[in-house]
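Subject: Structure for you to look at

Hello,

Please find the structure below, with notes on what turned up in it. Keep the display open while you read.

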Amino acid sequence: MGERGMKLLGLVLLVLSSAGYGVVGLNIWPMPKSVNHGQQSLLLSKDFALDTEGSKYSDSSSILKDGFSRLLDLIQVSHNVDENSTYYDHSQLLKRLHVVIFSPDDKLQFGIDESYKLTVPSTGNPIYAHLEAHTVYGALHGLQTFSQLCNFNFTTRIIEVRQVPWIIIDQPRFQYRGLLIDTSRHYQPLPMIKNVIDAMTYTKLNVLHWHIVDSQSFPLEIPSYPKLWKGAYSSSERYTMADAAEVVDFARRRGIHVLAEIDVPGHAGSWGVGYPSLLPSPTCQQPLDVSNEFTFKVIDGILSDFSKVFNFRFVHLGGDEVDTTCWALVPHIREWLNKKGLNESEAYEYFVLRAQKIALSHGYEVINWEETFNHFGSKLNPSTVVHNWLEGNVAPRVVAAGLRCIVSNQDKWYLDHLDATWDQFYMNEPLANITNSKQQKLVIGGEVCLWGEHIDGSDIEQTIWPRAAAAAERMWTPFNNLAKDPRQVTGRLAHFRCLLNQRGVAAAPLAGLGRAVPVEPGSCYKQ
Ligand SMILES: *[C@@H]1O[C@H](CO)[C@@H](O)[C@H](O)[C@H]1NC(C)=O
Ligand SMILES: *[C@@H]1O[C@H](CO)[C@@H](O)[C@H](O)[C@H]1NC(C)=O
Ligand SMILES: *[C@@H]1O[C@H](CO)[C@@H](O)[C@H](O)[C@H]1NC(C)=O
Ligand SMILES: *[C@@H]1O[C@H](CO)[C@@H](O)[C@H](O)[C@H]1NC(C)=O
């Protein structure tokens with residue numbers, strides 16, 4: 001660690017030690033829109049059950065039932081409840097969670113209602129908790145919140161719901177709350193991807209942006225062009241389309257969308273392993289050959305195959321970091337440019353717009369990285385969502401131009417930047433410098449990004465958590481409920497970080513830089 005790192009570490013430790021531990025506070029992360037609570041306790045009955053009496057939702061595909069069973073696993077994961085405890089007091093038993101969902105439909109669509117209302121009374125005969133939501137996905141958020149009200153009591157050896165009665169009313173601030181993973185720089189095994197998705201549900205993030213392929217490797221099967229995954233690192237570091245469908249289904253049942261990306265034309269060298277003619281030449285490999293009709297046929301085939309599995313409204317077509325030098329250097333492309341009367345930058349525009357049209361023809365709306373906007377913003381399809389990543393103040397310009405925007409400025413929201421600390425993640429405001437309320441609505445949300453150059457199964461979780469959770473509160477919680485000073489939430493985030501550890505998620509300590517190890521012996525709550 002450099003001198004800057006040591007200084008930062010000192011600062012963060014100071015922040016942690018002044019944060020008031022041990023106080024019985026409100027330990028819910030992310031903080032709901034509105035919370036009222038008391039100081040009594042209930043005991044979770046050993047036959048605590050789900051009750052859906054009066055719900056319009058039939059749960060024919062068991063999304064709610066499975067969510068409830070995951071809830072029971074989560075609250076019992078750390079300790080063994082003593083079912084014969086002598087402390088079971090019938091007047092204090094919470095018998096059921098009564099869930100009422102108003103919409104019969106469980107199609108997971110972008111922008112659906114994710115709100116819920118959770119109440120846990122302190123008395124009743126019998127005592128039931130109540131959860132109301134418009135959609136089953138709102139109800140799943142309510143279950144996550146409920147899980148954070150539960151604690152194991154070491155005297156009684158029973159799970160308690162403390163601080164009853166509770167009245168919690170909640171809904172997200174932004175519709176799009178994303179996390180990017182990159183399976184091209186390093187392959188991520190399926191169980192690891194599922195672990196990430198499960199932990200996303202704990203923080204109420206709702207979009208897994210899957211940067212599947214890039215220059216380094218092409219791990220995904222594309223049935224229309226079966227040689228593409230020859231670009232995988234090895235014959236085993238691959239995903240079949242059935243694997244991809246499983247990820248999408250696993251995520252969907254937890255209320256999480258999967259955003260698939262192919263990053264064209266710049267980040268696509270691996271496509272040439274199977275189909276060399278997609279690249280300008282064997283020695284000048286990127287970007288993809290703009291002069292070759294086959295290039296667009298392959299993009300069409302990929303997006304056609306995608307549309308059968310990746311059913312999110314959006315597809316991500318990349319478009320960042322395009323260095324067109326090879327197009328000018330390779331004779332057959334240079335001739336094509338001359339014949340068409342295009343210079344290199346016009347050819348970049350031609351490529352991106354043509355790829356957009358192909359995606360639109362498959363029913364997708366397109367997300368592109370911000371360089372496309374910076375170079376030819378007025379030419380982009382009006383339904384384009386511009387994905388910020390550079391540090392410059394681009395979101396205000398994107399929304400002023402009437403386009404939608406996702407905020408991911410790399411100085412604050414890139415998880416692979418280990419010098420970006422949790423408090424910077426917490427304080428990064430997607431609506432900074434946007435005051436017009438119509439324009440604010442065009443910022444559909446934000447995304448934290450974990451680029452995979454130094455990430456594999458050994459370190460993915462501790463690089464994501466807890467910093468992604470800090471950003472998740474920024475994206476979920478109403479602006480006026482967010483702390484103005486991150487020190488006000490240090491204790492609550494430390495508590496949540498420990499909860500992640502208790503649930504088997506390898507979240508790193510808060511103190512120090514991203515993915516830091518514990519600095520000294522001590523309590524989880526103080527690291
Ligand atoms: C609780 O008591 C029942 C009946 O005596 C017994 O069968 C069971 O094993 C006990 N459970 C535990 C966890 O001790
Ligand atoms: C655990 O239960 C005991 C017995 O009911 C109670 O006195 C104690 O306050 C509980 N512990 C906590 C931390 O709430
Ligand atoms: C490419 O052509 C356009 C339109 O003529 C022009 O505005 C732009 O400056 C040119 N770009 C370069 C890099 O020469
Ligand atoms: C907001 O605008 C100011 C002034 O242009 C700039 O210094 C600042 O970096 C901007 N903030 C963000 C988060 O873009």
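Where is the place of Pro265? Pro265 is in the loop between β9 (257–261) and α6 (271–274). Please keep in mind that this is a predicted model. The peptide bond that leads from Val264 into Pro265 is cis, and its omega is near 0°. A cis peptide bond also joins Trp29 and Pro30, where omega is about -5°. Pro30 sits in the loop between α1 (3–17) and β1.

Two annotated domains

The UniProt record (unreviewed entry) lists "domain: Beta-hexosaminidase eukaryotic type N-terminal" at residues 28–149. In that span the chain is 21% helix and 32% strand. The C-alpha atoms at the two ends of residues 28–149 are 8 Å apart.

From UniProt there is also "domain: Glycoside hydrolase family 20 catalytic" (unreviewed entry), at residues 174–478. Residues 174–478 are 41% helix and 13% strand, with 9 Å between the end C-alpha atoms.

Ser55 and its contacts

Ser55 is in the loop between β1 (34–51) and α2 (63–76). Is Ser55 buried or exposed? The relative accessibility of Ser55 is 18%, and buried means under 20%, so Ser55 counts as buried. Leaving out neighbours within four places in sequence, Ser55 is in contact with Val99, Val100 and Ile101. The side chain of Ser55 reaches the backbone nitrogen of Ile101 at 2.9 Å.

Helix α3

Helix α3 covers residues 136–147, which makes twelve residues. From its first C-alpha to its last, α3 reaches 17 Å, close to the 16 Å expected at 1.5 Å a residue. How many of the twelve residues of α3 are buried? Twelve of the twelve are, and α3 is described as mostly covered. Among these buried residues are Val136, Tyr137, Leu140, His141, Leu143 and Phe146.

Gln144 is found in α3 as well. Its relative accessible area is 12%, under the 20% limit, and therefore Gln144 is buried. Not counting residues up to four places away in sequence, Gln144 touches Leu74, Thr201, Tyr202, Lys204 and Arg503.

Gln163 in strand β6

Gln163 lies in strand β6 (residues 158–170). Phi of Gln163 is near 65°, a positive value in a residue other than glycine. With a relative accessible area of 10%, Gln163 is buried.

Glu321

The UniProt annotation "active site" (unreviewed entry) covers Glu321. Glu321 is placed in the loop between β10 (314–316) and α8 (325–329). Why is Glu321 called partly exposed? Its relative accessible area is 47%, and partly exposed is the range between 20% and 50%, so the label applies.

Which residues does Glu321 touch, not counting residues up to four places away in sequence? They are His267, Glu371 and Trp389. The side chains of Glu321 and His267 are joined by a polar contact of 2.9 Å. Glu321 also has a positive phi, near 45°, although this residue is not glycine.

Helix α10

Helix α10 (residues 344–361) has 18 residues. At 1.5 Å a residue these should span 26 Å, and the end C-alpha atoms are 26 Å apart, so the two values agree. The buried residues of α10 include Tyr348, Phe351, Val352, Leu353 and Ile358. What do the buried residues of α10 pack against? They pack against α7 (293–309), β10, α8, α9 (331–340), β11 (365–369) and α11 (370–376). Two of these elements, β10 and α8, are the ones on either side of the loop that holds Glu321. After α10 comes Gly363, whose phi is positive, near 90°.

Ligand 4

The residues around ligand 4 are Asn393, Ala432 and Asn433. An oxygen atom of ligand 4 is 2.2 Å from an N or O atom in the side chain of Asn433. For the side chain of Asn393, the distance from an N or O atom to an oxygen atom of ligand 4 is 2.9 Å. On its own, ligand 4 has 360 Å² of accessible area, and the protein covers 34% of that.

Regards

Conventions:
Residues are numbered from 1 along each chain as its sequence is written. Chains are lettered from A and ligands numbered from 1 in the order in which they are written. This is a predicted model: local features need pLDDT of at least 70, side-chain atom pairs count only at pLDDT 80 or more; totals for chains, interfaces and linings use all residues. Side-chain values use heavy atoms; hydrogens and water are left out. A residue is near a molecule or strand if one of its heavy atoms lies within 4 Å of it. A polar contact is a pair of N or O atoms within 3.5 Å; within protein, one must be able to donate a hydrogen and the other to accept it, and residues adjacent in sequence count only if both atoms are side-chain atoms. Accessible areas come from the Shrake-Rupley method with a 1.4 Å probe; for residues, only the protein chains shown count as cover. UniProt positions are given in the numbering used here, feature names are shortened, and annotations may be inferred rather than shown by experiment. Helices (H or I, at least four residues) and strands (E, at least two) are DSSP runs, numbered from the N terminus. Buried means under 20% relative accessible area, exposed over 50%, partly exposed in between (1.4 Å probe, protein chains only). Contact means heavy atoms within 4.5 Å. The expected span of a helix is 1.5 Å times one less than its number of residues.
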